[in-house]
Amino acid sequence: MSSSSPRNGELEKRRQASLSVQCLRPTRTIDPVLYLPASQTNRHRLINWRLHWLPGYYPWKDCRCGARAVTRDHYSLVCPLLRPLWQELTDAYGTAPSVPSGMHTIDVILNKIPRTDVVLSNGRWPTIWPAILSILREIERLCHPEDHLLDGEFPGDDISLPLPSEHD
Ligand SMILES: [Zn+2]
C-alpha cells in the first residue's frame, strides 16, 4: 500500500498525537504482542505496557527501591532492583539497543520481535521473549503491592514458550 494512503496518513496523525502510538512499530500492522505465545497475565502486562498503563501514570506510583512517583524511564537502567533482569535481557539481546528519544528500550525490542511464533522460536528470541516478560512482571511488582500480581489469576496461565511442534 502506498505510504500516501489515507490510512497511513491517519496513522501518522495518531503517532504525532499519542506518545504510546509513537512507541509502536511505524507501519500499520497488528502488534505481535497481541498474539505471540504468552500467558494471559503476561499478555495483560504487554498490552498495559504498550498503552503506557504500566507502570501507570497519574498518580505516579512509588517504586519498592524507594524512588518516589516514578515514570517508565525509572524502569530502564535507573532502578537498582531491576538491574539483574536488564542484564539478562541485554545478554540475551546481545547488545544494548539504540533507543531514540521518547522511546523505551522495551518498546525498541518489542518493535523488533518476530511476527510469527515460528521465528520467535529461533536464534536469540527464545531467551529474549521470556526476559521481556520477566521484566514486565517485575515492573508490575515494583510499582504495586505484592498482592497486586496477577500471576495464576487466569485459568491455564503458563509462561513457558511453546515449541513450534506444539503449535497447530
Ligand atoms: Zn525503583
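**Seven helices, questioned term by term**

Author: The protein has an average pLDDT of 84, and 83% of its residues score at least 70; pLDDT is the predictor's confidence in each residue, from 0 to 100. This is a predicted model, in which local features need pLDDT of at least 70 and side-chain atom pairs count only at pLDDT 80 or more, while totals for chains, interfaces and linings use all residues. Residues are numbered from 1 along each chain as its sequence is written.

Reader: Which elements have the lowest and the highest mean pLDDT?

Author: Helix H1 has the lowest mean, 79, and H5 the highest, 95. Over residues 163-168, pLDDT stays under 50, and the model has 5 contacts beyond four places in sequence for them. Where pLDDT is low, the predicted coordinates should not be read in detail.

Reader: How many helices and strands does the protein have, and what makes a run count as one?

Author: There are 7 helices and 0 strands. The runs come from DSSP and are numbered from the N terminus: a helix (H or I) needs at least four residues and a strand (E) at least two.

Reader: How do you know that the span of H1 agrees with that of a helix?

Author: The expected span is 1.5 Å times one less than the number of residues. For the 12 residues of H1 (residues 6-17) this gives 16 Å, and the end C-alpha atoms are 17 Å apart, which agrees. Helix H7 can be tested likewise: its 18 residues reach 25 Å from first C-alpha to last, close to the 26 Å expected.

Reader: Why is H1 said to lie largely in the open?

Author: A residue is buried if 20 or more other C-beta atoms lie within 10 Å of its own, exposed if 12 or fewer, and partly exposed in between, with C-beta atoms placed from the backbone. Of the 12 residues of H1, the number buried is 0, so H1 lies largely in the open. Over the whole protein, 21% of the 168 residues count as buried.

Reader: Which residues of H7 are buried, and what covers them?

Author: The buried residues of H7 include Ile128, Trp129, Ile132, Leu136 and Glu140. Their cover includes H3, H4, H5 and helix H6 (117-120).

Reader: What makes a group of residues a nonpolar core, and which elements give two or more residues to the largest one?

Author: A nonpolar core is a set of buried Ala, Val, Leu, Ile, Met, Phe, Trp, Tyr and Cys residues joined through C-beta atoms within 7 Å. The largest has 25 residues, and Ile132, Ile135, Leu136, Ile139 and Leu142 touch the most other members. Helix H3 (40-50), helix H5 (105-110) and helix H7 (125-142) each give two or more residues to this core, and H7 gives the most, with 9 residues.

Reader: With which residues beyond four places in sequence is leucine 136 in contact?

Author: Leucine 136 is in contact with Arg45, Leu46, Trp49 and Leu54; a contact requires C-beta atoms, placed from the backbone, within 7 Å. Between the two helices, Asn42, Arg45, Leu46 and Trp49 in H3 meet Leu133, Leu136, Arg137 and Glu140 in H7.

Reader: Why is H3 called roughly perpendicular to H7?

Author: The two helices pack at an angle of about 75°, with their axes 10 Å apart. That makes H3 roughly perpendicular to H7, because angles of 65 to 115 degrees count as roughly perpendicular, under 35 as roughly parallel, over 145 as roughly antiparallel and the rest as oblique. The axes are lines fitted to C-alpha atoms over the stretch in contact, and angles run from 0 to 180 degrees between N-to-C directions.

Reader: Why is histidine 52 called partly exposed, and alanine 69 exposed?

Author: Histidine 52 has 18 other C-beta atoms within 10 Å and is therefore partly exposed. Alanine 69 has 12, and so it is exposed. Histidine 52 is in the loop between H3 and H4, as is alanine 69.

Reader: What is the phi of histidine 52, and what is that of alanine 69?

Author: Phi is near 65° in histidine 52 and near 45° in alanine 69. Most residues other than glycine have a negative phi, and most peptide bonds are trans. In the loop between H3 and helix H4 (83-93) lies proline 55, joined to leucine 54 by a cis peptide bond with omega about 5°.
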